[in-house]
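User: Could you take a close look at one part of this model for me? I would like to hear how two of its helices pack together, with a word on the cysteines as well.

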Amino acid sequence: MKILLLGANGQVGWELQRSLASLGEMKACGRKEADLENLETVRESIRAYSPDLIINTAAYTAVDRAESEPEIACNINARAVACLADEAKRLGALLIHYSTDYIFDGKKFAPYLETDQANALSVYGKTKRQGEEAIWNSGCKHIIFRTSWVYASRGGNFVKTMIRLAREKNELNVVVDQIGAPTHAALIADVTALVLAQYQNGDEDESTRLHGTYNLTSAGKTSWYEYSRYIIQLVEQRGLSLQVRSSEIKPISSEKYPVPAERPKNSCLNCTKLEQTFNLRLPDWRYHVRHAVLELLEQENNK
């Protein structure tokens, strides 16, 4: 199988290079090799390589900046995705794409199902939803994974930010009324590999049955506030010096932390469909957070 991976230098893309290594020949493209703002270049890359599988992890993810750059966000999150879907359809290739909890408004009290009505609050969420719709409308073979609160041991993310702020600041206020499931990029990559392995091993009818949209997050739920406390507790257990202890972090409402883009209050996604379809059991969110924090601290210790 020939695999074309887009967004290879991002958190999920980086982990996918590891998890998919045994599944076939891979061409991993960062922005220099395939810039989703330049659709003709993207088309040329796809047609020159003629992949059996296109995996798109590239996206415009600067949620607040998207409010002032809606056209750029739309180009990358919607128009480029439509281009990928059209090329996948033309080739008969499978397209794997990653979407987000931000397509929902967060007003539901229970975790969101794949079939729930979308109602994005932000430009980012709206353009990601448009990307989903472009894939569906193209008629290409596809699997869309919706995920949330993604982090990794590399790149900028909440885990690194909280550790840095707890060392630098005299006080730390964190939003308490937004809930979700922190999801490690490695988990997303490993689940993608397991899904693809089952997809490859099935006959045509079985593979067709697996097409569709799936929620993919860690199990359980937490708030940004409790998430930050757990991170700092792990650092404290290593006996490292901090300006702000976990017990000193203060919970605040979203209204007390104004940002350009409105976030959904409930980002929880129901992953039952994914678990039952592929016979998977997703781990609690604390499992990968613990590993990520310990890995980051070990990296610092080895510098």
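Analyst: Happy to help; here is a walk through the helix pair, followed by the cysteines. Please keep in mind that this is a predicted model.

Let's start with the packing. Two packed helices are described by the angle between their axes and the distance between the axes. Here the pair is helix α5, residues 158–168, and helix α10, residues 285–301; their axes come within 10 Å and cross at roughly 60°. That angle makes α5 oblique to α10. As for handedness, α5 passes α10 in a right-handed crossing. On the α5 side, the contact is made by V159, K160, I163 and R167, while α10 brings V293, L296, L297 and E300. Sorted by character, the residues of this contact comprise 5 nonpolar and 3 charged, with no polar ones.

Now to the cysteines. The structure holds 0 disulfides, and two residues show what that looks like up close. For C140, the closest cysteine sulfur is that of C83, and because the two sulfurs are 12 Å apart, they are too far from each other for a bond. A disulfide here requires sulfur atoms within 2.5 Å. C140 is also buried, its relative accessible area being 5%. C268 is likewise in no disulfide: its nearest cysteine sulfur belongs to C271 and lies 9.8 Å away. With a relative accessible area of 8%, C268 counts as buried too, since the cut-off for that label is under 20%.

Conventions:
Residues numbered from 1 in each chain as written. Predicted model: local features only at pLDDT ≥ 70, side-chain atom pairs only at ≥ 80, totals over all residues. Heavy atoms only, no water. Buried < 20%, exposed > 50% of the residue type's maximum accessible area, 1.4 Å probe, protein only. Axes fitted to C-alpha atoms, helices over the stretch in contact; angles between N-to-C directions. Helix = DSSP H or I, 4+ residues; strand = E, 2+ residues; numbered from the N terminus. Parallel < 35°, antiparallel > 145°, perpendicular 65-115°, else oblique. Left-handed = near helix turned anticlockwise from the far one by under 90°. Contact = heavy atoms within 4.5 Å. Nonpolar A, V, L, I, M, F, W, Y, C, P; charged D, E, K, R; others polar.
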